[in-house]
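Trainee: I have a model open and want to learn how to read it. Where do we begin?
Mentor: Let us take one feature at a time.

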Amino acid sequence: MTGPCDHAVEPALGAFADGELEGATLAWWDEHVRNCARCREEVRRIRSLGASLRASLPTSEPSSALREAVRRIAQEPAVPLPGAQPLRRRPPTHPWGSAIAALLLVGAGFGIGRFTGVTATGEDVVGQVVDAHVRALQVDHLVDVVSTSHHVVKPWFAGKLDFSPPVPDLATDGFPMLGGRTDILDGRPVAAVVYEHGPHRVNLFTWPAISAGPCRQDAPLVRLGFNVVHGRTGGMEFWAVSDLNPVELRAFASAWLRAAGPADGKCEGS
């Protein structure tokens, strides 16, 4: 779909961009955004704004006095001026409204996730992962270091990241490596290792997991026509995104986990 679209100013588009929709409503918006250039651009703008605001938030815990003051202000009813009509609350008419309001509350101290080290919600990260994949494809900037060898790509990340990402060679599994680059997800630098399977490209993003946990691979998700698989191993969290079909992407993730995961090859969900 091209040209003007009335759905681009609906609050539900902001809810979709924030990962707040479920069921049939989520499926409808996912299909619409995939086919509507204007709404797809609005989603990109909303998520870009959210990422910028999150990155600018303070990293220290706000004082209890500040949080209590904001809570009291939020709970106090508005007092109209003499002779004025009673104020009525209206829902935001622009899809960015809910995102901005939520982020302002986070800045005031109500969104404790950032301050306790918890990453963004799963839905939020899925959106960022897909956006990063699409952005890399659109600008034809999939890799900063071009190599099919992990002996070249893995050392390249040294000094560019505060962790050492797994960079397994999967050529024998049918997924040769193209190279790597750094990217930004959830407000922090991450490793992006790019593989190919025929004409398809796979972006594999990794960064340190917040907490310890077993090796696992989650069921695939679909966003904007791309399949996404999430999992963790060896203290690392990973997200794989591609236009490969779900079966092929799971096969890729399983091969990656076998190469980068525990020595016994056991991993939940693989």
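**Reading charged pairs, a helix and a buried acid**

Mentor: Start with a charged pair. Glu41 and Arg44 form a salt bridge, with 2.7 Å between the closest N and O atoms. Keep in mind that this is a predicted model.

Trainee: Where do Glu41 and Arg44 lie in the secondary structure?

Mentor: First the general idea. An α-helix has 3.6 residues a turn, so residues three or four places apart point the same way. Now the case. Both Glu41 and Arg44 belong to helix α3, residues 37-56. They are three residues apart, about one turn of the helix.

Trainee: Is Glu41 buried or partly exposed?

Mentor: Glu41 is partly exposed, because its relative accessibility is 29%, and the range for that class lies between 20% and 50%. Arg44 is also partly exposed, at 39%.

Trainee: What does the salt bridge between Arg188 and Asp162 tie together?

Mentor: The general idea is brief. Side chains of opposite charge can pair when their charged atoms come close. Here the side chains of Arg188 and Asp162 meet at 2.8 Å, N to O. Arg188 sits in strand β3, and Asp162 in the loop between α8 (150-157) and β2 (177-185), so the bridge ties together parts 26 residues apart in sequence. Arg188 is partly exposed at 24% relative accessible area. Asp162 is exposed, at 66%.

Trainee: Which residue does Arg216 pair with in a salt bridge?

Mentor: Its partner is Asp218, at 3.0 Å from N to O. Arg216 is partly exposed at 26%, and Asp218 is partly exposed at 25%. Bridges can also share partners: Asp30, Glu31 and Arg34 are joined into one network this way.

Trainee: How many salt bridges does the count come to?

Mentor: Ten.

Trainee: Next, a single acid. Is Asp183 buried or exposed?

Mentor: Asp183 lies in strand β2. Asp183 counts as buried because its relative accessibility is 11%, and the cut-off is under 20%.

Trainee: What does the side chain of Asp183 make a polar contact with?

Mentor: The side chain of Arg181, at 3.2 Å. Then look past the neighbours within four places in sequence. There Asp183 is in contact with Ala132, Arg135, Arg188, Pro189, Val190 and Phe205. Arg188 is the residue that also bridges to Asp162.

Trainee: Now a whole helix. How far does α9 reach from its first C-alpha to its last?

Mentor: Compare the reach with the rise per residue. Helix α9 covers residues 246-260, 15 in number, and reaches 21 Å. That is close to the 21 Å expected at 1.5 Å a residue.

Trainee: What is at the start of α9?

Mentor: Asn245. One of its side-chain oxygens comes to within 3.0 Å of the backbone nitrogen of Val247.

Trainee: Which residues of α9 are buried?

Mentor: Leu249 and Phe252 are buried, along with Ala253, Ser254, Ala255, Trp256 and Leu257. Then ask what covers them. The cover includes strands β3 (188-197), β4 (200-208), β5 (216-217), β7 (226-233) and β8 (236-242).

Trainee: Last, the whole chain. How many helices and strands does the secondary structure come to?

Mentor: Nine helices and eight strands. Of the chain's 270 residues, 39% count as buried. For contacts, take those with a separation of 6 or more. Residues 24 or more positions apart account for 63% of them. The accessible surface comes to about 14,400 Å², with 58% belonging to carbon and sulfur atoms.

Conventions:
Residues are numbered from 1 along each chain as its sequence is written. This is a predicted model: local features need pLDDT of at least 70, side-chain atom pairs count only at pLDDT 80 or more; totals for chains, interfaces and linings use all residues. Side-chain values use heavy atoms; hydrogens and water are left out. Helices (H or I, at least four residues) and strands (E, at least two) are DSSP runs, numbered from the N terminus. The expected span of a helix is 1.5 Å times one less than its number of residues. Buried means under 20% relative accessible area, exposed over 50%, partly exposed in between (1.4 Å probe, protein chains only). Contact means heavy atoms within 4.5 Å. A polar contact is a pair of N or O atoms within 3.5 Å; within protein, one must be able to donate a hydrogen and the other to accept it, and residues adjacent in sequence count only if both atoms are side-chain atoms. Accessible areas come from the Shrake-Rupley method with a 1.4 Å probe; for residues, only the protein chains shown count as cover. A salt bridge is a side-chain nitrogen of Lys or Arg within 4 Å of a carboxyl oxygen of Asp or Glu.
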